[in-house]
Amino acid sequence: MTRKRLIAALAAMASAAGLFGAAVIVGPAAFAEGSVPDGDVVDVGTAAQLRAALAAASPGQTIRLGAGTYRGSFVATKPGTATAPITVTGPSTAVLINDGPSGEAPSCPAPTAGWDSGYGLWLYGAPYWHLQGFTVQESKKGIIADDSHHTVIEGVRVHRIDEEAVHFRRSSADSVLRDSTISHTGLVQAGYGEGVYLGSANSNWKCHGNSGGVDRSDRIQVLGNHIGPYVAAEGIDVKEGTEGGVIRGNTFDGQGVSGQNSADSWVDVKGFGYVIEGNTGTFASPGTFANGYETHNPGTTPSFPNGCGNAWRDNKSDLGGVGQYAIKITSTSKCSERPNVVYASNTVSRAVNGLTNVSVTP
C-alpha cells in the first residue's frame with residue numbers, strides 16, 4: 001500500500017473509531033515528515049515527527065517517543081488543561097539533543113523565527129505538560145519551562161549539558177520534578193551549571209518577571225531525584241522571590257561542584273517558606289565545597305523575605321571532611337520576623353564545624 005493510501009485508510013479508521021468511541025494510535029509511519037498528526041496517542045520516531053507533534057499538540061494527547069536520537073530544536077507552545085494535560089513520554093533510550101544555539105537571539109528568550117535557543121526541550125506558555133522517561137543531553141540547556149505552570153517532569157535523565165539541566169522560569173509555578181537523574185552540567189559555563197534552577201535572579205526579572213515584575217515560580221516540588229556528580233553549580237538553586245516549595249527525598253552527590261559564581265553547596269536557598277526534608281547529601285573530591293545547604297538574602301524590588309522562613313528536617317549530610325556546616329544560615333537578623341528553622345532530626349558526619357551555625361530546634 002502506498003503512503004497516500006495508508007494515510008487515507010487510517011483516516012477512515014479514525015472516522016469509524018469515532019463512531020464507537022475508540023482511540024486511534026497514529027504511528028511514525030502514519031504521517032509524512034513535517035505533517036500534522038492527530039489522535040489520542042501520537043507515536044513518533046524522527047525529529048521532524050516530534051516537531052510536528054509538538055506543534056499540533058492538544059489537551060489530553062500523548063506524544064510517545066520511540067527509542068533513538070532526536071536532534072534539533074524542540075519547542076512546545078500549546079497549553080494543556082488541568083483535566084487533560086499533554087504528555088510526552090518515552091524510554092531512556094529516546095534521546096533529545098540540540099546542537100544549537102544558532103541565529104540571532106531576541107533580547108529576552110522567546111521562540112523566534114530564525115533563532116535556535118539550544119535548549120533540549122522548551123515549554124513556552126505551555127502549562128499542564130507531563131514529561132516522562134526520556135533523556136536530554138548535549139544541549140546548551142536541558143529542559144526549560146517558561147510561563148508553564150503545572151509542569152510535571154518525572155523519570156527523565158538530563159546530563160552532559162553546557163549550562164543548567166532543568167529550569168522553571170517565568171512563574172512556572174505549582175510544578176514538579178521527581179524521580180529523575182541529573183549529572184554532568186556546566187560543561188561550558190560551570191558557574192551556570194545548576195542541576196535544578198527555581199525562578200530567576202532578580203537581575204533577570206526584566207525578562208522573566210511576568211508576575212508583577214517578578215518571576216514567581218512558587219510551590220515547586222523537587223522530589224526523589226538523584227542530582228550529581230559533576231553538577232558544576234548548585235544541585236538546586238532556589239532564587240529570590242519564589243515561595244513555598246518542597247525539596248524532599250533527593251540524593252545529592254557534590255563531587256565536581258566548581259566553586260564558580262559562588263557555587264559551593266548542594267542547595268542554595270534565596271527563596272522563602274521552603275521545606276527541605278529527607279534528603280541525603282555527600283561530597284568527595286574533586287570540587288570546591290563550603291557547606292551542604294546555604295541561605296542568602298538578596299534585596300529585591302519589590303521586597304520579599306528572601307532567604308527566610310525555611311525549614312530543614314530529617315536531612316542526612318556527609319561533608320567529606322571538607323564542608324564547614326551541613327546547613328549554613330547566612331543571616332539571622334534579616335530573618336528576625338521569619339526565622340529559618342533547623343530541626344534536631346538533621347544529622348551530619350565528617351563536617352569541619354558541625355551541623356549548623358544557628359540554634360537547633362528540637
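This passage describes the confidence, the disulfides and the internal spaces of a predicted protein model.

The model is predicted, so that local features require pLDDT of at least 70 and side-chain atom pairs count only at pLDDT 80 or more, whereas totals for chains, interfaces and linings use all residues. Residues are numbered from 1 along each chain as its sequence is written, and side-chain values use heavy atoms, with hydrogens and water left out. The mean pLDDT (the predictor's confidence in each residue, from 0 to 100) is 92, and 89% of the residues reach 70 or more. Over residues 1-31, pLDDT stays under 50.

Two disulfides, that is, pairs of cysteine sulfur atoms within 2.5 Å, were counted: 2 disulfides in the protein. They follow the pattern 1-2, 3-4 when bonded cysteines are counted along the chain. In one of them, Cys 108 is joined to Cys 207 with an S to S distance of 2.0 Å. The torsion about this S-S bond is about -75°, so the disulfide is left-handed. Cys 108 lies in the loop between β7 (94-97) and β8 (119-124) and Cys 207 in helix α3, so the pair ties together parts 99 residues apart in sequence. Here helices (H or I, at least four residues) and strands (E, at least two) are DSSP runs, numbered from the N terminus. Cys 108 is partly exposed at 25% relative accessibility, while Cys 207 is buried at 15%; buried means under 20% relative accessible area, exposed over 50% and partly exposed in between, with a 1.4 Å probe and protein chains only.

Cys 308 and Cys 335 also form a disulfide, with sulfur atoms 2.0 Å apart. Cys 308 is buried at 3% relative accessibility, and Cys 335 is buried at 2%.

Empty space was located on a 1 Å grid over the protein atoms alone: a cavity is a set of points where a 1.4 Å probe fits but cannot get out, and a pocket is an open set with protein on both sides within 12 Å along at least five of seven lines; lining residues have an atom within 4 Å of a point. Grid points are joined across faces, edges and corners, and a volume is the space filled by probe spheres set on the points. The largest pocket holds about 670 Å³. Its lining comprises 34 residues, of which Lys 141, His 167, Tyr 192, Tyr 197 and Asn 204 lie nearest the centre. Helix α3 gives the most to this lining, with 3 residues.

Terms used:
Contact means heavy atoms within 4.5 Å.
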